[in-house]
Amino acid sequence: MITRSKNMTIASQVLPLRKKSYLLFIICYLVFPFSGYAAECVDYVSTLVGTMSKHSLSTGNTYPAVAMPWGMNFWTPQTGRMGDGWCYVYTEDKLRGIKQTHQPSPWINDYGQFAIMPTTRTVFKEDDRASWFSHKAEVATPYYYKVYLADWDVVAELAPTERAALMQLTYPETDEARLVVDPFDKGSYVCIDAQQRRLMGYTSKNSGGVPDGFKNYFIIEFSHPISYVATADGDKLQEGRAELKANHATAVVGFPTLKRGEKVTLRIASSFISFEQAARNLQELGNRSFEEVKAAGRNRWNEVLGRIEVEDANIDHLRTFYSCLYRSVLFPRAFFEYGADGQPIHYSPHTGEVCSGRYFTDTGFWDTFRCLFPLLNLVYPEMNEQMQEGLVNCFKESGFLPEWASPGHRGCMVGNNSASVVADAFLKNQATGFTNYDIEALWQAVVHGANAVHPQVGSTGRMGFEYYNKLGYVPYDVDIRENVARTLEYAYDDWCIYQLGKKLGKSEKELKPFREHALNYQKVFDPETKLMRGRNKDGKFQTPYNPLKWGDAFTEGNGWHYTWSVFHDPEGLIRLMGGKNVFVAMLDSVFNVPPLFDESYYGGVIHEIREMQIMNMGNYAHGNQPIQHMIYLYDWAGEPWKAQQRVREVMDKFYTPLPDGYCGDEDNGQTSAWYVFSALGFYPVCPGSGEYALGTPYFNKVTVHLPATKAAGLKQPRDLVIEANGVQNPYIQQMSVNGQPYYLNYLRHDDLLRGGRISYDLGAQPNRQRGINAEAAPYSFSK
């Protein structure tokens, strides 16, 4: 790497360099002018990707999370008003605070949030305290945030740990330096101890998924003596009052800053358990300075992002890749803390009790089973082992596995895809030894979830399971919405349970229903239209049927999108359609049919429809999850070059490192993980199969640094190297694995775990002789 000492002039470094090195130096200097080092992985991350979003059109629906990977607490600048799910929008002009947040999505919204805002006047209402800011005076990284609050002439900086943070505020010379701490409405409490330079409080605000008595307790310690104390009950300020419990309690503290540039430091920590635990979490900061905490956060992010090392000349592609990888390791968040004995404990969002062990939350399996969790199983298996432990605890505390969790069960989406998350983790990590959790409890959980529905949260378990088990599908005419989507996902989930049960040695009697139900996708396939279609209780297909109608029998998609949701048996779907030629023609039709739609089910155009309409790719809707795997299905039909071309088109067209960089909701890492996998050149179409369908590599060279495992033969770290010649072209001319010619359209997980080298030669024209034989196709259940 090219580095530069702070004691050396730029000229003294540049003069000895040859022309090529000189150009590289100039690029590094212009891109990272103040870093003092050449670019590292985290330097390519833009946390602002996806923040130029709104209710009617999502370009990610993200916020610039300042956090540790999988951290319990995130922080974000707040442009939106209290309770607004769009808490940070790139096009807004004012900040209302810097907020601790646990929000996974604007649609799910937040819980346990509170905001901090410095001012130089005694104001506390969110509109009054808001300040103009500019992105030109904003630094947003995963481990550090800095912004100039123009109305108050204050620079605010923040560096987090998993459960704590340091904030540094640089004030002008003033005798009215103020700090507003706002725990929001729906029940809050603040208490200022001026003598101890400490503020304590809690917020009860949430959007569901919590029991009665839920609180997030926080503690803030100040470096400066407190000279002003006030609290506000709603809109009424009470100067001199240090403690308040109200629907909406706010605290204001002040301290004189005697000279311009004086820095006030805040030590902040929180806990879902108690004030005592919050004080324990504050110990994460130790006695470290702001710069030390910031540096430690930077190192942690480089450690995590550095598991995948990319070498390429295209800076924008590197920025897009690492911004996507950053999003892929935020969720699910750790929802546990460490007790006095150093052991993990957690507040149960189901019982309200403090329980032993780990817990993770803020993810929707309808989205993330597809490739986010498979990415963890390949690159970060030690983290998914912890997450599986968290699933065990969820089942023991609530009687169900989550489908959408934030922090407890939430009523959102369809499917029973916890079965996929459980099965894929265990089946893949048998080879690594990262299975130190109660798999028997998870077996019981997936079997139970396939034959029950949560009494209060209908999206947890299986709504319509009685019909499904009896008829083989959820009928269209029994007042269960999105019934075909449920049927298709239940069938795949049954296949997952069957595969897991086989690995666990379960009896034929236990396995038979799941093996048979795995073919239930056939029950909703209409041979007339060659599409999936709603089917009534009497066995007749729904009429009328418009395959372009969104919703109705499907979830945030239409018949053209959902027909491909046979992850575990594409070969079976090919046979239903009448062979490979018809199958390919139907795949092609997704791109050839104009972006027509029927939005009548929703009573208006939802943002997912609009995102499909404007992308100029026919009826392909990459901005939502149901169709994201579909491009790779060409691998099963003997025309893999079409997958290669379409994957490259999506990557070039739908992803950028800019604030409008996604083509729809990012969804807790799923849409980002699609990019990460696709950049590597393969994708997990069927989690649980142990295979990855081939696409086309995006970079000159990628090294995946696989971690040491617990298994014999894999106890040392290994490198998986993916290299490609001619990456400006999408089409695979030839490839080799560890020096041997390779003709298949898939890679095996167990082979990747051993490390090695995958080499590609890419060209501008497709090789129509490669990958065309039947044996080249990836896994299918009925094959």
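Accessible areas here come from the Shrake-Rupley method with a 1.4 Å probe, and for residues only the protein chains shown count as cover. The model is predicted: local features need pLDDT of at least 70, side-chain atom pairs count only at pLDDT 80 or more, and totals for chains, interfaces and linings use all residues. Residues are numbered from 1 along each chain as its sequence is written, and side-chain values use heavy atoms, with hydrogens and water left out.

**Exercise 1. Surface and burial**

Task: State how much area the protein exposes and what share of it carbon and sulfur atoms supply. Then give the share of residues that count as buried.

Solution:
- The exposed area is about 27,800 Å².
- Carbon and sulfur atoms supply 49% of that area.
- Buried means under 20% relative accessible area, exposed over 50%, and partly exposed in between (1.4 Å probe, protein chains only).
- Of the 783 residues, 65% count as buried.

**Exercise 2. Overall build**

Task: Count the helices and strands, and compare the radius of gyration with the globule rule.

Solution:
- Helices (H or I, at least four residues) and strands (E, at least two) are DSSP runs, numbered from the N terminus.
- There are 21 helices and 36 strands.
- The radius of gyration is 27 Å, close to the 28 Å that the globule rule gives for 783 residues, so the protein is as compact as a globular protein of that length.
- That radius is taken over C-alpha atoms, and the rule is 2.2 Å times the number of residues to the power 0.38.
- The C-alpha trace spans about 80 × 70 × 55 Å along its principal axes.

**Exercise 3. Two helices**

Task: Check the lengths of α5 and α10, then describe their burial.

Solution:
- The expected span is 1.5 Å times one less than the number of residues.
- For the 16 residues of α5 (residues 290-305) this gives 22 Å; the end C-alpha atoms are 23 Å apart, which agrees.
- Buried residues of α5 include F290, K294, R298 and W301.
- Their cover includes β8 (154-160), β9 (164-171), β19 (308-311) and α6 (315-328).
- Helix α10 (residues 418-429) reaches 17 Å, close to the 16 Å expected for its 12 residues.
- In α10, 12 of 12 residues are buried, among them D424 and K428.

**Exercise 4. The surroundings of F365**

Task: Locate F365 and list its contacts beyond four places in sequence.

Solution:
- F365 lies in helix α7 (residues 365-368).
- The relative accessible area of F365 is 3%, so this residue is buried.
- Contact means heavy atoms within 4.5 Å.
- Leaving aside neighbours within four places in sequence, F365 contacts F373, L391, P402, E403, N417, S418 and V421.
- Of these partners, S418 and V421 are among the buried residues of α10.
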